[in-house]
Structures are given as C-alpha cells and as structure tokens.
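Here are some friendly notes to read with the structure open beside you. Take them one at a time, and find each residue on screen as you go.

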Amino acid sequence: MTLKTRRKLFWLSIIAFLIIAPPVVLYTTGWRLTSDFQIKRVGGLFIAVPESGAEVFLNGKFVKNTNFLQSGVFIQNLTPSSYSIMVSKEGFWPWTKKLAVAESAVAEAKALMTPQNINGTILLKGQFESIYSSNQNSLILLEEKRGDAYALTFYLPDNNEFLTPANSASKKLLSANPKLKTIYWRDGGADVFFENKTITLTFDLSKRSLSAKTSSLKLDRALTVLPHKISMDYRQRANIWHDEKNVWVEWLETTLPHYLSSNKENIFQTKNSIRNASFFPKRSDISVVAVENGVFALELDGRSTRNFQPIYKGKEPTFAVLNNEIYVLDQGVLAKMEL
C-alpha cells in the first residue's frame, strides 16, 4: 500500500468518525430526532398498576404484563410528545390516560382498576336513610325512619354489634328526632346537631354503650361546608368536600402531587344531587362519589380525562368509608363492598 493510499484511508477514517461520532454521542446522552425533525432529549413514563397480570399498552401497542414482583411499568427513551396509555385486565374496568412526556423527565401515573363485578355482604336491613362514619372510632351512625321522626343507631361493623343507650334518658334522646344537620366526631364521643337542638354523646366501647345529653353547643355560622361533608385522607395531606352539585379537593402541603395542577380543584360537577364524597380506601389520588343511582370511583388526576368507574349500582345509594372499607346504604340495606 502506497503512502498516498494510506493518507487517503486516514482522512477517510477521520471524515467517517466526524460524521458518525456526533449522532452516536447524542444518542448515548439521551438526544433523539423527533417526528417534526427537532433534536430533543428523551423522557419516560412510569405507570403504577395495582393489579398483577394486567396488560399495559402504549399508543395501542402492547408493552408489558405486570406481575407479583413488578407492579409498575417504566417506559424509557420516549421523544417529547403526548402518549396514550391503556391498562386492562379481564374482570376489571380498563384505565386510559393521555400523558405528556417532557425532555429529561419521567411522567408518572397510577392506574385505577375497579372490578367489574363487586360483591357486597349484607350487614343490616331496616328503615335506614342516612349513614355517617366516625373518623375517631370504628363506628357507623345510621338514621332510621320511624314514623315522622328519626332514631339514631350506632353500629360497630367489625363486631356486628350496636351501642345501646346507658339509661332511659339517653334512649329517649336518641329515639325521636328530626333529620340531623351534621355531626362532629371526637375520640370517645360525638356532637350531633339538629336544626334547633344539639345532643352530646359519650361512648363506652368496652361496654358497648353510650350516654346522651342535650347540649348548648351551636354550629359556627361562618361554616361554609358542614363537617360531615368533609373527608380527610389518612395521611392528613388533603381534604375532599362536596356541596349539592360539586366535589372539591384541597391539598394541604406545599408540594403538589403529580396528579393535581393546583392546591384546590373542582374534580366533579353534576346536575344531580351529590349524596356523599370521600377518599377511596388507601388511595389519596382517588375519590368515591355517590350520585344518581350509583357509587363511583373517580380519579383526582385531571390530565386528559378523569376515569370514572362504578362500584355499586342501585336506586339511591349513599356510602361511608371506615377502616379502609366501603359501606353502601341503599333502600334501607347496609352492605360492605368486597373490593
């Protein structure tokens, strides 16, 4: 090989290196050519899936099955754009979400997967019209219609037992009342407010009894939302409350989670009356709403759309969340849902 040929090969190698090296360096450092011919850094998606054996799809293409050891799916090397995600599993309602992936960032989401057929265990039957759960004790208050008045029944669902009035005076105070306006729960007791009177209750859970007496307490006129219409998540980080037509969420910490865009958001509006709203058991990113003929799970995550999945369908159900269980009351029947 002549000197001239070697020089040509040398310079050809240098030129090839200068052509190939920049794209290789860009690729290995996370840069990609987008569909509109721009060079941008890649990002990724992380989808948490609460069910094993679910299928995850990206833009309609299968990505992965979840399993017992890997409940989350991480999809990387995505050019900045919007991506459609779907998670499905037989026997569950599918979950879809459109998420934007930014440069050098990972977009997060957690799938809502509610069984399509949820069984309920019937606990009680009666003329029950309203249900309230304590945030202090494992206790449910039921309002039972008796003629033109209402009796207050306090029920311990874990033990399938009731609290009985400790004396005749307490029994009388609990047996014939107008429909309650709201209730303040406290450790070992509660204050029940009616339109023109208040009853203070003291519980003795060891004896399964309670004492009642009239009280001079009055509701603060400055209250914009009644206490029983406010639900706080178990980590004390957010509130959910509702009025007649709206459900609101308010985040109480400075740093917002990925599924909220502001500290206070209206997550649900309807023309129908909302009977109750609360957090889904063990999920601060999901709410439970009773409206029309059903009880539904509703995402707080408003990116693209909020998934809305049925938990119970009946006539005019309401519900209470207690100890990470959902109790549904419909047509006088109280049932615990087997989620």
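The points below go from the whole protein to single strands and then to a pocket.

1. Start with the overall picture, and keep in mind that this is a predicted model. The protein has 339 residues, and 42% of them count as buried. Its secondary structure consists of 2 helices and 30 strands, so expect to spend your time on strands here.

2. Next, look at the contacts and the surface. Among contacts in the protein with a separation of 6 or more, 49% are between residues 24 or more positions apart. The accessible surface is about 18,700 Å², and carbon and sulfur atoms hold 52% of that area.

3. Now try strand S8, residues 95-101. In a regular strand the side chains alternate between the two faces of the sheet. On S8, Trp95, Lys97, Leu99 and Val101 make up the covered face, while Thr96, Lys98 and Ala100 make up the uncovered one. Do look for the lysines: Lys97 is on the covered face and Lys98 is on the uncovered face.

4. What does S8 pair with? Its antiparallel partner is strand S7, residues 81-88, and 7 bridges link the two. To find the register, place Ser81 opposite Val101 of S8. The hairpin of S7 and S8 has 6 residues between the strands, and Gly91 has a positive phi near 90° there.

5. Move on to an open sheet of 4 strands. Reading across it, the order is S11-S12-S13-S14, and the pairing is antiparallel. Which strands are at the edges? They are S11 (128-133) and S14 (161-162), each of which pairs on one side only. S11 is joined to strand S12 (residues 140-146) by 5 bridges in the antiparallel sense, and Ile131 stands opposite Leu142 in S12.

6. Why is strand S17 described as largely enclosed by the rest of the structure? The reason is that 5 of the 5 residues in this strand (residues 189-193) are buried. Gly189, Asp191 and Phe193 point one way, Ala190 and Val192 point the other way, and all are buried. Notice that Asp191 is one of these buried residues.

7. S17 has antiparallel partners that are worth tracing in turn. Strand S16 (residues 182-186) is joined to S17 by 5 bridges, with Trp185 opposite Ala190. The hairpin of S16 and S17 has 2 residues between the strands, and Gly188 in the turn has a positive phi of about 85°. S17 also runs antiparallel to strand S18 (residues 198-204), again with 5 bridges. Phe193 stands opposite Thr198 in S18, and the hairpin of S17 and S18 has 4 residues between the strands.

8. Strand S24 (residues 274-280) is largely enclosed too, because 6 of its 7 residues are buried. It pairs in the antiparallel sense with strand S25 (residues 283-291) over 6 bridges, and Phe280 stands opposite Arg283 in S25. With 2 residues between S24 and S25, this hairpin includes Lys282, which has a positive phi near 65°.

9. Finish with empty space. Rolling a probe the size of a water molecule over the atoms shows where empty space is left. The second largest pocket holds about 360 Å³ of space. It is lined by 18 residues, and those closest to its centre are Lys181, Phe194, Glu195, Lys218 and Leu219. What mix of residue classes lines the second largest pocket? The lining has 7 nonpolar, 5 polar and 6 charged residues.

Note on methods. Residues numbered from 1 in each chain as written. Predicted model: local features only at pLDDT ≥ 70, side-chain atom pairs only at ≥ 80, totals over all residues. Heavy atoms only, no water. 1 Å grid on protein atoms, 1.4 Å probe; cavity = no way out; pocket = protein on both sides within 12 Å on 5 of 7 lines; lining within 4 Å. Points joined across faces, edges and corners; volume = space filled by probe spheres on them. Nonpolar A, V, L, I, M, F, W, Y, C, P; charged D, E, K, R; others polar. Buried < 20%, exposed > 50% of the residue type's maximum accessible area, 1.4 Å probe, protein only. Pairing = 2+ DSSP bridges. Contact = heavy atoms within 4.5 Å. Areas by Shrake-Rupley, 256 points an atom, 1.4 Å probe, with all protein chains shown as cover.
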